[in-house]
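Student: I have a chain open in front of me and would like to know how its descriptive labels are earned. Could we go through them together?
Tutor: Gladly, let's take a look.

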Amino acid sequence: MGTPGFVDAVLGWRPTWFLARLALCGAYLLGGVVKLTDWRGAVAEQAHFGMEPAALWAALTIAVELIGPALILSGRLVWLGAGMLGVFTFFAAITANAFWTMPQGHDRFMATNAFFEHMGLIGGFCHLYIGQEAVVTGMEMAARDDDQVITSYRDHGHMLAAGMD
């Protein structure tokens, strides 16, 4: 059973990929803009989480939240932008959502949920190895049924293109 036609049409529509990237990194872009326009609030946020010197950490956070999405949305050095946001998200989740240090209760539940939601975002950034999909797509289109394929690094795209779950 192949992919339904309407799904192929949506995925084949060029703006879909930009919109998907925007959905993935839009919150970071917005966060960077908000922090940039409220410098005192950005510094206070860093101080709240014990990040000293707070002004330096605020500036680094703003840079990552603006540069990472810009790279991803522009389609240039996507791997770098995705890496920036993935690493940032990992450390921010550990710093801001340390549920393991909290007593049982509602706050711990909320922090645990936020922590694992952020870990899920990292998986989205790991999949942004844009450009590699073209290689897999071309290979699969040229492959015959009796061809054998040996993959190495980033082989999950090959498996997906071959129809594996």
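Tutor: A good place to begin is the contact pattern: among contacts in the chain with a separation of 6 or more, 50% join residues 24 or more positions apart. Do keep in mind that this is a predicted model.

Student: What pattern does the chain follow along the sequence?
Tutor: The pattern reads α-α-α-α-α-α-α-α. In numbers, that is eight helices and zero strands.

Student: How much of the chain counts as buried?
Tutor: Of its 165 residues, 25% do.

Student: Then let's take one residue. Why is Arg21 called buried?
Tutor: Arg21 has a relative accessible area of 15%. The label requires a value under 20%, so Arg21 is buried.

Student: Where is Arg21 placed, and in which helix?
Tutor: Arg21 belongs to helix α2, which covers residues 14–37.

Student: What makes the pair Arg21 and Ile72 a polar contact?
Tutor: A polar atom of the Arg21 side chain lies 3.1 Å from the backbone oxygen of Ile72. The cut-off for such a pair is within 3.5 Å, and 3.1 Å meets that distance.

Student: Why is α2 called oblique to α5?
Tutor: Helix α5 spans residues 78–96, and α2 packs with α5 at an angle of about 50°, the axes being 12 Å apart. Roughly parallel needs an angle under 35 degrees, and roughly perpendicular needs 65 to 115. About 50° fits neither range, so α2 is oblique to α5. Their crossing is left-handed.

Student: Which residues make that contact?
Tutor: From α2 come Arg21, Cys25 and Tyr28, and from α5 come Val78, Leu85, Phe88 and Thr89. By class, the residues of the contact of α2 with α5 are five nonpolar, one polar and one charged. Arg counts as charged, so Arg21 belongs to that class.

Student: What makes α3 roughly perpendicular to α4?
Tutor: Helix α3 (residues 39–48) and helix α4 (residues 54–74) pack at about 110°, with axes 8 Å apart. The range for the label is 65 to 115 degrees, so α3 is roughly perpendicular to α4. The crossing of α3 and α4 is right-handed.

Student: Which residues of α3 and α4 make the contact?
Tutor: On α3 they are Trp39, Ala42, Val43, Gln46 and Ala47; on α4 they are Ala54, Ala55, Trp57, Ala58, Ala59, Thr61 and Ile62.

Student: How do the residues of the contact of α3 with α4 divide?
Tutor: They divide into 10 nonpolar and two polar, with no charged residues.

Notes:
Residues numbered from 1 in each chain as written. Predicted model: local features only at pLDDT ≥ 70, side-chain atom pairs only at ≥ 80, totals over all residues. Heavy atoms only, no water. Axes fitted to C-alpha atoms, helices over the stretch in contact; angles between N-to-C directions. Helix = DSSP H or I, 4+ residues; strand = E, 2+ residues; numbered from the N terminus. Parallel < 35°, antiparallel > 145°, perpendicular 65-115°, else oblique. Left-handed = near helix turned anticlockwise from the far one by under 90°. Contact = heavy atoms within 4.5 Å. Buried < 20%, exposed > 50% of the residue type's maximum accessible area, 1.4 Å probe, protein only. Polar contact = N/O pair within 3.5 Å; in protein donor to acceptor, adjacent residues only side chain to side chain.
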